[in-house]
Amino acid sequence: ISETDDYPKQICLGCLNKLENSYELYSASVRAQDVIKRIMKCLNMNPREPEKLPGEVPFEEVTFPTAAS
């Protein structure tokens, strides 16, 4: 996505709300995952590495555009 692509340059309020809600869910999930990892570390537990499916993108690599973009 860039300023010069052919995608729309505006977004309706309904879609913006859905985008913001999706980002809030994503952010809450990442924070929860971090809390779980810290708790497991305090309990001397090693969280197992999740199995990756072909083509799966880890949460850490997912990026969302800001509302200003």
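Helices here are DSSP runs of H or I with at least four residues, numbered from the N terminus. With that in hand, we can start at the beginning of the chain, in a model that is predicted. Aspartate 5 is found in the segment before helix 1, and this residue makes a good first stop.

Aspartate 5 has a relative accessibility of 19%. Buried means under 20% relative accessible area, so aspartate 5 counts as buried. Its side chain has two partners to look for. One is serine 2, whose backbone nitrogen is reached by the side chain of aspartate 5 at 2.9 Å. The other is lysine 9: the side chains of aspartate 5 and lysine 9 meet in a salt bridge, with a distance of 2.9 Å from N to O. Lysine 9 itself counts as exposed, at 54% relative accessibility. This salt bridge therefore joins a residue that counts as buried, aspartate 5, to one that counts as exposed, lysine 9.

Next come two cysteines. Are cysteine 12 and cysteine 15 bonded to each other, or too far apart for a bond? The closest cysteine sulfur to that of cysteine 12 is in cysteine 15, at 3.3 Å. A disulfide needs the two sulfur atoms within 2.5 Å, so this pair is too far apart for a bond. Seen from the other side, the sulfur of cysteine 15 has its closest cysteine sulfur in cysteine 12, again at 3.3 Å. The count of disulfides accordingly comes to zero. Both cysteines can be placed by their accessibility too: cysteine 12 is partly exposed at 44%, and cysteine 15 is partly exposed at 40%.

Now for the helix itself. The protein chain has one helix and zero strands. Helix 1 covers residues 13-42, which makes 30 residues. How does its length compare with what should be expected at 1.5 Å a residue? The helix should span 44 Å, and its end C-alpha atoms are 43 Å apart, which agrees. Just past the helix comes asparagine 44, whose phi is positive, near 60 degrees.

Which residues of helix 1 are buried? They are Leu16, Tyr26, Ser27 and Met40. Across the protein chain, 9% of the 69 residues count as buried. The chain exposes about 6700 Å², and carbon and sulfur atoms supply 59% of that area.

Part of the surface deserves a closer look. Val35, Ile39 and Leu43 form a nonpolar patch there, with about 260 Å² of accessible area together. Valine 35 has its place in helix 1 and is partly exposed, with a relative accessible area of 35%.

Helix 1 also holds a salt bridge of its own. Arginine 38 pairs with aspartate 34, and their closest N and O atoms are 3.2 Å apart. Where do these two partners lie? Both are in helix 1, four residues apart, which is about one turn of the helix. Arginine 38 is partly exposed, with a relative accessible area of 48%, and aspartate 34 is partly exposed as well, at 38%.

How many salt bridges are there in the count? The count comes to two. You have now met both: aspartate 5 with lysine 9, and arginine 38 with aspartate 34.

Technical notes. Residues are numbered from 1 along each chain as its sequence is written. This is a predicted model: local features need pLDDT of at least 70, side-chain atom pairs count only at pLDDT 80 or more; totals for chains, interfaces and linings use all residues. Side-chain values use heavy atoms; hydrogens and water are left out. Buried means under 20% relative accessible area, exposed over 50%, partly exposed in between (1.4 Å probe, protein chains only). Helices (H or I, at least four residues) and strands (E, at least two) are DSSP runs, numbered from the N terminus. The expected span of a helix is 1.5 Å times one less than its number of residues. Accessible areas come from the Shrake-Rupley method with a 1.4 Å probe; for residues, only the protein chains shown count as cover. Patches are made of residues with over 30% relative accessible area and no salt bridge: like charges are joined within 9 Å, nonpolar side chains (Val, Leu, Ile, Met, Phe, Trp, Tyr) within 5 Å. A salt bridge is a side-chain nitrogen of Lys or Arg within 4 Å of a carboxyl oxygen of Asp or Glu. A polar contact is a pair of N or O atoms within 3.5 Å; within protein, one must be able to donate a hydrogen and the other to accept it, and residues adjacent in sequence count only if both atoms are side-chain atoms.
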